[in-house]
Amino acid sequence: MSQPTDIRRGQVITTFGPGAIVATPSGESYMITSNSRWVYEQPGKFIIMEERLRRRLNVKELRFPPPIDEKRTKDNKSFRGKDAIKSVRFPAWHHCRYCSRMHWIGSFAEMAKCTCEHGRDEKKQGLIPVRFVAACLNGHIEDFPFQEWVHKGENPRNHELYYHTGTSGSLGGIVIRCNTCGVSRSMESALSKGVLTKTKGCSGLRPWLGLKNSNQSCSETLVGAQRGASNIYFPQVISSIYIPERDAAVSPKVKSFFQKQKGFFEMIMGNNPDDFNRFAELMIEQAKLDSETQAVLEYVKSELTRQETVQVSEEDFRFAEYDVLRTLAGVPDDDYSARQLSAQEYSSPVRDYFNKITLVEKLRETRVFAGFTRLKPEANSSLTETIRFANNSNEWLPADIIRGEGIFLDFSADRIAAWESNTDVRNRANVILRNYSDSIGAKSYFTDNSDPVLILLHTLAHLLISEISLQCGYGNSSLRERIYYSRQHKMTGILIYTASGDAEGSLGGLVRQGKPGRLEPIIASALEKARWCSSDPVCSSVGVQGPFGTNLAACHNCSILPETSCELFNNLLDRGLVVGTPERPELGFFQNI
């Protein structure tokens, strides 16, 4: 059967990962299956070395998505699922573009033909997938219950449905008619919240896991949605900035050797523990590693006996990166190299509001697809449960590596404390913080640390990304933010780095903007533009904005970025807490500029 169109490696981790719906140029619709169903001829060639992240996710391996052919393997740019990344047909309901009759087509069936005069023509593709599906907050998804919708909760067998689109572009112009009993019903209210409560309950279907593992008991209410809607799929991407070991006693070559041979070492340890040293030394010598055999052997033993799962919070995980970014520089490592500058080397406003600026000349980010949610961007379950829901296995997870550069800004703790102590600042922030907590409905790194400082850091990161894109030619989508904030760890910093997987942003252009004499005017210009948005006075005075009321003075003309660049899905943004408002300038952190 036909397969989805070409998918780049980075899209497999984000937009088109397991559980996502993909449309083909020919008009067909598929769902990407769990990575446990993908096929690798030589999986060892695709392993990613990022032990800190692998242990945190409690999986045996992290792998690049598989390529389709040898040419694509060399350039590492384009991937699709003909021979490796598997997919199933979804949704199953289709309708004929000529006679409007609806057909049910199985997940693995070839595209059928309609029995009408035009549908039997081999040169015409008559059947197209319907626009509607149904999902629940637990992540399950199934075909929209058209039979129950038309027949008011009943599901009569063998009734023939017709899908009439009419001339109107609204949902009310789409009418489902039963040719057997003559009843009909439009789709006008089909996507409203709670409207399917009395129509049909959730079947707990998980098509991406295959037929054997698709059903799961569920008591959540189904919600109708269009299959291309943005709320159908929210990928849960866990990322990590590579941290070099402060004692570089073990080379990357040794680590790669151990990861590839780990399964064999475990087998020897389990079957012949007395002969482990002899077998392991022989393998190490054959690998011709640039290290002493005994030192490599000790490293192998320590890795085999260490605790695999590292139960750390997202705060602890980020603090390890934060500590390196502000203290470790000049490391001779292929994946990390940084130069740190004191804020006193800069003029105002950098000198007045920051402690340190780190110019990260070499940076490696590993992004891992850990699962997904539907209808809301945050998962209600734990990270382990989210992974098992999406993959039904802890063998391995798909991942990608992004190499580039970045600018890290470490804020002045004294300035932050003085600003945050203002009661009016906290009151303004609470307006959107309550909405954010209610809309997410789950604990996370950001909900646990949501306060005025988080809004300040997040909004400033957006303002700087927009300004940098104008100053040095990067597109907004080519830059990305990473927020380091925790009351417990006393960390307040932001990292702005290149987010593209190609050559853009890897030649020093971003680091150059962070040097003394260049960073100051960028920050000053960003703050000046934040004082007046082109949509003001509406933007600054309309009150709460955004789908769930999680923003204040923030819109697409001043603070909204592409969602690939934002960690918080463009929530918790407010220019008022950065530069103040015309009526209350003292609310802004940078009020003295």
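**Exercise 1. A covered strand**

Task: Work out how many of the eight residues of strand β20 (residues 479–486) are buried.

Solution. Strand β20 is mostly covered, with eight of its eight residues buried. Keep in mind that we're looking at a predicted model. Next, sort those residues by side. In a regular strand the side chains alternate between the two faces of the sheet. Here Leu479, Glu481, Ile483 and Tyr485 sit on one side, while Arg480, Arg482, Tyr484 and Ser486 sit on the other, and all are buried. So both faces of β20 are covered.

**Exercise 2. The partner of β20**

Task: Find which strand is joined to β20 by eight bridges, and say whether the two run parallel or antiparallel.

Solution. Look at residues 491–498: that's strand β21, and it runs antiparallel to β20, with eight bridges joining the two. One of the pairings to spot is serine 486 with its bridge partner in β21, methionine 491. Now check the link: β20 and β21 form a hairpin with four residues between them. In that turn, lysine 490 has a positive phi of about 55°.

**Exercise 3. Helix α14 and its neighbours**

Task: Describe how α14 (residues 452–472) packs against α11 and α16, using the angles between their axes.

Solution. Start with α11 (residues 413–420): its axis is 10 Å from that of α14, and the packing angle is about 120°. Angles of 65 to 115 degrees count as roughly perpendicular, so α11 and α14 are classed as oblique to each other. Their crossing is right-handed. On the α11 side the contact is made by Ile416, Trp419 and Glu420, and on the α14 side by Pro452, Val453 and Leu456.

Now move to α16 (residues 519–530). Its axis and that of α14 come within 9 Å and cross at roughly 115°. That makes α14 roughly perpendicular to α16. This crossing is right-handed too. Among the α14 residues that meet α16 are Leu460, Leu463, Leu464 and Ile468; from α16, the residues involved include Ile522, Ile523, Ala526 and Leu527.

Finally, pick out serine 469, which is in α14. Serine 469 counts as buried, at 11% relative accessibility. Leaving out residues up to four places away in sequence, serine 469 touches Tyr474, Gly475, Asn476 and Leu479. You've met Leu479 already, in strand β20.

**Exercise 4. Cysteines without a bond**

Task: Explain why cysteine 533 has no bond to the closest cysteine sulfur.

Solution. A disulfide needs two cysteine sulfur atoms within 2.5 Å. The closest cysteine sulfur to that of cysteine 533 belongs to cysteine 555 and is 3.5 Å away, so it's too far for a bond. Cysteine 533 is buried, at a relative accessible area of 1%. By the distance rule, the count of disulfides comes to zero. Take cysteine 114 as another case: it's in no disulfide, and the nearest cysteine sulfur, in cysteine 99, is 3.4 Å away. Cysteine 114 also counts as buried, at 3% relative accessibility.

**Exercise 5. A three-stranded sheet**

Task: Give the order of the three strands in the open sheet with β12, β13 and β14, and name its edge strands.

Solution. The order is β12-β13-β14, with antiparallel pairing. The edges are β12 (161–164) and β14 (184–186), each pairing on one side only. On average, neighbouring strands here are turned by 15° against each other, direction ignored. Zoom in on β13 (residues 175–178): three bridges pair it with β14 in the antiparallel sense. There you'll find arginine 177 opposite serine 184 of β14.

**Exercise 6. Backbone oddities**

Task: Locate the residues joined by a cis peptide bond and two residues with a positive phi.

Solution. First, a reminder: most residues other than glycine have a negative phi, and most peptide bonds are trans. One cis bond joins phenylalanine 90 and proline 91, with omega about 0°; proline 91 is in the loop between β6 and β7. Another joins serine 348 and proline 349, with omega about 10°. Proline 349 lies in the loop between β17 and α9.

Now phi. Asparagine 58 has a positive value near 60° and is partly exposed, at 29% relative accessible area. Leucine 375 has a positive phi near 75°, but leucine 375 is buried, at 14%.

Definitions and conventions:
Residues numbered from 1 in each chain as written. Predicted model: local features only at pLDDT ≥ 70, side-chain atom pairs only at ≥ 80, totals over all residues. Heavy atoms only, no water. Pairing = 2+ DSSP bridges. Axes fitted to C-alpha atoms, helices over the stretch in contact; angles between N-to-C directions. Buried < 20%, exposed > 50% of the residue type's maximum accessible area, 1.4 Å probe, protein only. Contact = heavy atoms within 4.5 Å. Parallel < 35°, antiparallel > 145°, perpendicular 65-115°, else oblique. Left-handed = near helix turned anticlockwise from the far one by under 90°.
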